[in-house]
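Here is a friendly walk through a structure you may not have met before. Have a look at it first, and then we'll go through some of its parts.

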Amino acid sequence: MTSPPTEESVEQPAGIVERLVRDDFDRKRFLKMVGSAGATSFGAFALAACGSSSKSTSTAAGTTAGTATAASTASSGGDVAILNYALTLEYLETAFYAKVVEAGLFTGKVGALVRDFARQEASHVAALKAAVQKLGGMPVAEPASKFPISSATQVAELAYTVENLGAAAYLGQAGNIQSPEVLASALAIHSVEARHAATLGTLVKKSVTPDGAFAKPADMSTVLAAVKPFLA
Amino acid sequence: MTYTINLDEIDVDGAVSEAAHEVSGDTRLGFIKKAGIAGGAAMSGGALLSVLAPSALAAGRPPSKFGRGDIGILNYALTLEYLEAAFYNGATAANLPLTAQGQAFLKVVTKDENAHVAFLKKALGSKAVAEPKFDFKGANTSAEMFMTTAQVLENTGVHAYSGQAPNIKNVAYVKAALSILTIEARHASVIGLLNEPAGNDIAPDGPFDTPLSAAKVLAAVKGTGFIL
């Protein structure tokens, strides 16, 4: 079963991270700012840059970025951007699992397990949206997505890849998060991504710990390149 | 089921009150100030916890006997890793009649937990705590008890690292702790799936893993009697 982008998702305004994927310059600038230790004005800068990069169309995301800039304190801006990055990945995972459940490729225990994972990813989306708002930011819009859905084995292997990527993405931001509270919140999700990844590893007979005894992080640029095929 | 760890069993002993003292001695607000985080952000960050990780604010530090600051946290982690490694080394030596998947699990966790011990010992150098003496009371010499106990130990590792990672000051150690945390989570989900094939134990806390204070974790460990 192929999965063309749905009509309603095509109309979604582009999220910050999605547009950064499409705009190398903005992405590099974004990453540079994320990497700098004293990123006090980073949030306002990056979000404002995102807002102004969409000058041709007055998208909702542009407005979003502007509002977030005004509302965020300078020091929480970096954390807001990281949470929005996580939110974008969780949107993609949620959309992926929704398509998998819809395709009905899995039945019985594995089917139940996939539906559990789908619900947990949806909970991550809701929590991250709320977290961004609590920090005074504006959650990014859901990106339009597309995923190849052909067979149970192919989907399970793709899920394994996606969950491992998600776990590595969170780990990649561990050192960039400024607030201990945001870190505590992010890693409550992070370890669940790892649980999903290892479970899927068991199902597809691949390593449950592909990095060995120490999980390896993935930086934003690696993760964004990896998810690019899934953006519609 | 005598030797399973029960996290609700909180034994308020000397170590626990010591941990509580540590928390008040180095308050989270003090820590946040030291970390150079503006008040506004810290407050909204605190509110965030009610959404995501309700108990993280109470994730008290290890008692001072483990050392101060990051050293104390790493020594606390090392103690838990010593426990896991010794448990698995004993299980490996016992040549347990496990299923093929159980054998595969034991092989992975034995290697990983010994690697965690080696890493933390190296990071701590001369400040590393000595390995305690253990008595697993048969929990790693019976296949059934091994499977049950391993699941509890791995989930305890997740709770413990989740609780302490935000207390760590040195970013390099934060990264290392999270790198280990997710391995514990992977182990926990696999043994959960092996023990409960319907999948309900894969992520026992649901979408968000629960951080626990050092006092709670240590009380649970003490309750097992594994550490002499």
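Let's begin in chain B with Phe136(B), which sits in the loop between helix 5 (100-124) and helix 6 (143-164). Helices here are DSSP runs of H or I with at least four residues, strands are E runs of at least two, and both are numbered from the N terminus. Before going on, note that this is a predicted model, where local features need pLDDT of at least 70, side-chain atom pairs count only at pLDDT 80 or more, and totals for chains, interfaces and linings use all residues. Residues are numbered from 1 along each chain as its sequence is written, while chains are lettered from A and ligands numbered from 1 in the order in which they are written.

**A loop in chain B and what it meets**

Is Phe136(B) buried or exposed? Phe136(B) is buried, because 20 other C-beta atoms lie within 10 Å. The cut-offs go like this: 20 or more other C-beta atoms within 10 Å of a residue's own make it buried, 12 or fewer make it exposed, and anything in between is partly exposed, with C-beta atoms placed from the backbone. Leaving aside residues up to four places away in sequence, Phe136(B) touches Phe87(B), Gly90(B) and Phe226(B). Touching, or being in contact, means that the C-beta atoms of two residues, placed from the backbone, lie within 7 Å. Phe226(B) is 90 residues apart from Phe136(B) along the chain, yet their C-alpha atoms are separated by 5.0 Å.

Lys137(B) belongs to the loop between helix 5 and helix 6 of chain B. Lys137(B) counts as partly exposed, because it has 14 C-beta neighbours inside 10 Å. Lys137(B) and Gly225(B) are 88 residues apart in sequence, and 8.4 Å separates them in space, C-alpha to C-alpha.

Gly225(B) comes after helix 8 of chain B and has a positive phi, near 70°. Helix 8 (residues 214-224) of chain B is itself mostly covered, with 9 of its 11 residues buried. Among the buried ones are Ala214(B), Lys216(B), Leu218(B) and Thr224(B).

**Two loop residues with positive phi**

Which residues other than glycine have a positive phi? Lys205(A), at about 60°, is one, and Asn95(B), near 50°, is another. Lys205(A) lies in the loop between helix 9 and helix 10 (220-227) of chain A, whereas Asn95(B) is in the loop between helix 4 (69-94) and helix 5 of chain B. Lys205(A) is exposed, because it has 7 other C-beta atoms within 10 Å. Asn95(B) is exposed too, with 8 other C-beta atoms within 10 Å.

**Chain A and its helices**

Over in chain A, there are 10 helices and 0 strands. Of the chain's 232 residues, 56% count as buried. If you take contacts in chain A between residues at least 6 apart in sequence, 80% join residues at least 24 apart.

Two helix pairs are worth a look. In the table, axes are lines fitted to C-alpha atoms, for helices over the stretch in contact, and angles run from 0 to 180 degrees between N-to-C directions.

| Helix pair | Packing angle | Axis separation |
|---|---|---|
| Helix 6 of chain A and helix 7 of chain A | about 155° | 8 Å |
| Helix 7 of chain A and helix 9 of chain A | about 160° | 11 Å |Angles under 35 degrees count as roughly parallel, over 145 as roughly antiparallel, 65 to 115 as roughly perpendicular and the rest as oblique. Helix 6 and helix 7 of chain A are therefore roughly antiparallel to each other. The residues of their contact divide into 17 nonpolar, 3 polar and 5 charged. For these classes, Ala, Val, Leu, Ile, Met, Phe, Trp, Tyr, Cys and Pro are nonpolar, Asp, Glu, Lys and Arg are charged, and the others, Gly among them, are polar.

Helix 7 and helix 9 of chain A are therefore roughly antiparallel to each other as well. Which residues meet there? Val110(A), Phe117(A), Gln120(A), His124(A) and Ala131(A) in helix 7 of chain A meet Ser185(A), Ile189(A), Val192(A), His196(A) and Leu203(A) in helix 9 of chain A. By class, this contact has 6 nonpolar, 4 polar and no charged residues.

**The largest nonpolar core**

A nonpolar core is a set of buried Ala, Val, Leu, Ile, Met, Phe, Trp, Tyr and Cys residues joined through C-beta atoms within 7 Å. The largest one has 116 residues, and those touching the most other members include Leu83(A), Ala86(A), Ala77(B) and Leu181(B). Helix 6 (residues 77-103) of chain A gives the largest share of this core, 14 residues. Not counting residues up to four places away in sequence, Leu83(A) touches Leu128(A), Ala131(A), Val132(A) and Val182(A).

How values were computed
Parallel < 35°, antiparallel > 145°, perpendicular 65-115°, else oblique.
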